[in-house]
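The following exercises concern the structure shown below. Each task is followed by a solution that proceeds step by step.

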Amino acid sequence: MELDPLILSRIQFAFVVSFHAIFPVFTIGLASYIAVLEGLAFKTENPLWVKLSAFWTKVFAVVFGMGVVSGIVMSFQFGTNWSNFAQASANFLGPILSYEVVTAFFLEAAFLGVLLFGRDKVPAGVHLFAAIMVATGTFISSFWILSANSWMQTPAGTELRDGVFYVTSWSEAIFNPSFPYRFAHMALASFLTGGFVVAGVSAWYLLRGREVEANKKALSMCLWLLLFIAPAQAVLGDFHGLNTLEHQPAKVSAMEGNWETSRNVPLLLFAIPDQENQRNLFEIGIPSLASFILTHEWDGEVPGLNEVAVEEQPPVAIVFWSFRIMVGIGLLMIAFAVTGLVLRAGGRYWRTSWFLQGMRFMSIAPFFAVLTGWFVTETGRAPWLVYGQMTQAQALTPSLTGGMALFTLIGYIVVYALVFSAGVYYLMRVLYVGLEDHDEDEHEAERPKRPFSAAHVPFEIDHDSGDTVGTAKPVNQGGH
């Protein structure tokens, strides 16, 4: 059996991008949260904000490092596996990626050092400025990366001559038709990811009765953020979908599992796409809802995949199910945000065990939403690398063999597994230590913790109902 270098290169790039994407989307949101904490600490001089900021800065440093290591190989892959694309797009992507390094990465790296090690060495205002610069750098970085990716989705401001893209308008190329929607969508996704992770970790600490006051405030802040950001993401997603329908109708058709151009198209909740026979084997849907969502008219016309040549259709099943997983997680996020608002009455949001347990599990949900969203975006563009102008097959390195692609794919999997394992190990150590101050005894983290008792938390949980049942009295540490 002959190995296909195109398939293997696509798998390799998908693996590397998927692994890398989960780190920036977290650090972008977390950096802004740290900047807010530093601002509160500067204004109020409350040590609680300093403690929260110091803890989450450690988490940021570990995740930022993992993102840097996993992202280094991204640019190299353009040369090793996609040299035709690298050569063709160099006039635009070369400067764009350079701008990202010069304007964003250097900014983040320089001020991250001050943020990590300068708390007691520089004035408080300078430390706050460093936090703001790190947060700003993450957004500048995402600006350039999303501009480059959006240009590949909706190319503008360039023309293809003799296999090479020449820039005719930098403003049109950078601010291409899909860029504003993608950038805003990714920014909100970053806030959602950072918010749910902080909320989930805070909920875990509250369940263990650790640093109750600080984690109660952290959870409260995140729940207010999520209450506004989660619904806003759904609205922005609608605008993004309309933009995609205008510029990439085949992707939307795959997202909806719609084969025939028609009106009153149902919103399919479940279907088994059969791309070989250009139909769905089984469907469960809500009548006319897809037409209404996409055209804002109940009888609106939705394009079908039958208008696209079979060889130019994306892998429908991947796009179809990835889209539904992403939307499902988004609805779950809204549900938890609204539940948090309901539980604010009487302060139940931080004392109700089933809600705190749910927030723990929801801390990983945004990562799955981000990954499935990228699957929709990138797989839905297939077989094009630059939509409508250069296919993935045309972009492949001519001399690349299946064996070479397989060798590097296995190498990346092994190396990334080691990087991920090491990163998770150190991240778990940071989370284990928590917000407590261990400066008095550097070996404190190595000591076994005392069993949890009601003495550690000012409330008692009824484990049958999950509700709080009043104020617990301290128990005898020698008994059970």
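## Exercises on a predicted model

**Exercise 1. Determine how much space the largest pocket holds and which elements line it.**

Solution. The largest pocket contains about 1600 Å³ of space; the model from which this value is computed is a predicted one. The next step is to examine the lining, which is made up of 49 residues. Phe13, Val17, His20, Met74 and Ile145 are those lying nearest the centre of the pocket. Assigned to helices, the lining draws at least two residues from each of α1, α2 (47-80), α3, α4 and α12. Of these, α1 supplies the largest share, with 13 residues.

**Exercise 2. Identify the residues that touch the most other members of the largest nonpolar core.**

Solution. This core comprises 73 residues, and the members with the most contacts to other members are Leu30, Leu52, Phe55, Trp56, Val59 and Met359. Helix α1 (residues 5-44) contributes the most to the core, namely 13 residues. Leu52 may then be taken individually: beyond its neighbours within four places in sequence, Leu52 is in contact with Tyr33, Leu37, Ala214, Ala218 and Leu435.

**Exercise 3. Compare the end-to-end reach of helices α12 and α3 with the expected values.**

Solution. Begin with α12 (residues 365-379): its 15 residues reach 21 Å from first C-alpha to last, close to the expected 21 Å. Turn next to α3 (residues 83-117), which has 35 residues; its end C-alpha atoms are only 41 Å apart, short of the 51 Å that a straight helix would reach. Finally, inspect the course of α3: the helix bends by about 85 degrees at Ala90.

**Exercise 4. Establish whether α12 is mostly covered or uncovered, and what covers its buried residues.**

Solution. Twelve of the 15 residues of α12 are buried, and the helix is thus mostly covered. Among the buried residues are Phe367, Leu371 and Trp374. The elements covering the buried residues of α12 include α1, α4 (124-153), α6 (179-207), α8 (249-256), α10 (316-342) and α11 (353-362).

**Exercise 5. Explain why Val265 counts as buried, and list its contacts.**

Solution. First, locate the residue: Val265 lies in the loop between β3 (262-263) and β4 (267-274). Second, apply the cut-off: Val265 counts as buried because its relative accessibility is 3%, and buried means under 20%. Third, list the contacts: apart from neighbours within four places in sequence, Val265 is in contact with Asn258, Ser288, Leu289, Ala290, Ser291 and Val302.

How values were computed. Residues are numbered from 1 along each chain as its sequence is written. This is a predicted model: local features need pLDDT of at least 70, side-chain atom pairs count only at pLDDT 80 or more; totals for chains, interfaces and linings use all residues. Side-chain values use heavy atoms; hydrogens and water are left out. A nonpolar core is a set of buried Ala, Val, Leu, Ile, Met, Phe, Trp, Tyr and Cys residues joined through side-chain atoms within 4.5 Å. Buried means under 20% relative accessible area, exposed over 50%, partly exposed in between (1.4 Å probe, protein chains only). Helices (H or I, at least four residues) and strands (E, at least two) are DSSP runs, numbered from the N terminus. Contact means heavy atoms within 4.5 Å. The expected span of a helix is 1.5 Å times one less than its number of residues. The bend at a residue is the angle between axes fitted to the seven residues ending there and the seven starting there. On a 1 Å grid over the protein atoms alone, a cavity is a set of points where a 1.4 Å probe fits but cannot get out, and a pocket is an open set with protein on both sides within 12 Å along at least five of seven lines; lining residues have an atom within 4 Å of a point. Grid points are joined across faces, edges and corners, and a volume is the space filled by probe spheres set on the points.
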